[in-house]
Structures are given as C-alpha cells and as structure tokens.
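Here are a few exercises on a ligand and its surroundings. Grab the viewer, try each task, then check the worked solution.

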Amino acid sequence: MAAEIAFNPARPLQNQKALVTGANSGIGEGCAIALGAAGADVVVNYISRPEDAERVVNLIRAGGSNAIAIEADVSNEAEVQAMFGEMLKSFGTIDILVNNAGLQQDAAFHEMTLAQWDLVIRVNLTGQFLCAREAAREFLRRGVVPAVSTAAGKIICISSVHEVIPWSGHVNYAASKGGIMQLMKSMAQELAPKKIRVNSIAPGAIKTPINRPAWDTPAALDALLTLIPDQRIGLPQDIARTAVWLASDQSDYITGATLFVDGGMTLYPGFATGG
Ligand code: BGC
C-alpha cells in the first residue's frame, strides 16, 4: 500500500505544487504567499522587477515551503510553455494554477487605440487561456493522486467585478473579464469529468498598484467607498484566503463558480437609497 500522507489542517495544500502568474505584486503576491503558507510549493511568475519576485520567493521559503521565480510573458505561447517546462523539471508536476496576471490600459472609448485593446485582451484573456491549457495538459496526463488531492488539478481565474459590471473608459478591461467568465465556465464544464475544478474569484476594489488613483487620496477613497456597502477597500489577503480555500479539497464540489469578493460592490449600492 502506498504510504499515506497525513492531512494537516494548518497546511491544507501540503505536497501540492502551485503556479501563480503575476505574483510579484498585488493580488498575485498575496495569493503566492498564502498558498505557500498553506503548504504548497510555489512558482512565482513575473515579467518585470525580478527583485520583487525574489522578495516573494524568500517570504514563502521563510514560511517553510519551496518557491522559485520564473520570468515569462503570459501572452507569449513559447514563454508560457517554457515556464511550465521549467516548473515540471523543478517541482515534478502542477496541482494548482492561479491565473492572476492582468493589467489595465484605460482610455475613452472613441480614443482607445488598437494597441491598448490588444494588449489588455492578450495579457488578461489570452494569457489565462495559454496558462490554463498547459496546466490542463499536465493534470490530464497525471490524473488524480488521492494522497495529494481529490482533484486532478485546480484552476483559479482571477476575474473582476467587471465581468458583470460595465465600466466606462475601460471597455478593453471589462471585455477581457467578461471573456474570462465564459472561458472559466466552459473549461469547467469540459474538464469536470476529468476531476479538474475550474473557478473564478472576482475581486472588487482591492488596494494594489493597479488602482492606486482610486485610493491614494482621501477624496478618491471617499468616492470609492460610495461603491462598497462594506465601507472598506479590500486587501490582497481577502482574495488570497479565498484562493487557498478554492484550491483545497474543502471546496471539492465547487466548479464553474465565480466567487465575488468585493465587499458588496456587485449589490448595486446606488439602490440603497434610490429606485
Ligand atoms: C480593477 C480596479 C478597480 C476594481 C473595482 C478591478 O478589477 O482592476 O482598478 O478598482 O476592479 O472597480
């Protein structure tokens, strides 16, 4: 009989291998550190500022899990394939993909350039497709290892409240997130019989560099809070905790779901007093 690996509730992702894209800042950094603390070995993907990726690697190692940084542009097929090749060589396999890398290129609709449109769609949407496809190939090859997880693999797509909330001045970003919703659900439907779970987390306003202008002055923060019934801006840990749970067997029967982690931003706060 194969040796049993004892389940440790404090480290529910023990013996699992995770890849987090865009993991050297913001939500990706928070997820990478939390997955490491939960027992997973973590690949910290980045495209710029290697020193920040190293900082995240060191934090994860200090918590007792292994971590390595790998540079790759998620919108580039060859770079994504090389990254997965390096991960499989170093860690042997992958159990958890957090598809996080994303960016904004904001412009009024009539002034938006094709380059701004293309960059956001390529990184936010095509990047999630390319990484999920490589992860799925390895999950299908390896199958379920019962001592590690009840699933053959878990894909967590970092979406946004803007997969459902339209957003003036950000049509490329909102379109990319709407696309992620159907990418995630269609993958979930196709891969469920193979015991691969695919879900999304849709963050609201989380205090990270991507939306600094929305929170870094008192006036901006006040305006932002009118959109958040919970009356506080989110923190990367709010998303990271959810990612750990979605990656763990605690959420074994959940696939094809989007969890909105947004302090109520999707509750139409304007209607609290109107309508
Ligand atoms: C965007 C942020 C924005 C938030 C709420 C996120 O997906 O990246 O810039 O603050 O949605 O509107």
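**Exercise 1.** Sort the residues of the shell around the ligand into nonpolar, polar and charged.

*Solution.* Start with the residues around the ligand, those with a heavy atom within 4 Å of it: Q104, S160, H162, W167, Y173, G204, A205, I210, N211 and M265. Next, apply the classes: Ala, Val, Leu, Ile, Met, Phe, Trp, Tyr, Cys and Pro are nonpolar, Asp, Glu, Lys and Arg are charged, and the others, Gly among them, are polar. The shell then splits into 5 nonpolar, 5 polar and no charged residues.

This is a predicted model, where local features need pLDDT of at least 70 and side-chain atom pairs pLDDT 80 or more, while totals for chains, interfaces and linings use all residues. Numbering runs from 1 along each chain as its sequence is written, and side-chain values use heavy atoms, with hydrogens and water left out.

**Exercise 2.** Find how far the side chains of S160, H162 and N211 are from a ligand oxygen.

*Solution.* Look for N or O pairs within 3.5 Å, the cut-off for a polar contact. For S160, a polar side-chain atom lies 2.7 Å from a ligand oxygen. For H162, a side-chain N or O atom is 2.7 Å from a ligand oxygen. For N211, the distance between a side-chain N or O atom and a ligand oxygen is 3.3 Å. Finish with the area (Shrake-Rupley, 1.4 Å probe): alone, the ligand exposes 310 Å², and the protein buries 90% of that.

Note on methods:
Polar contact = N/O pair within 3.5 Å; in protein donor to acceptor, adjacent residues only side chain to side chain.
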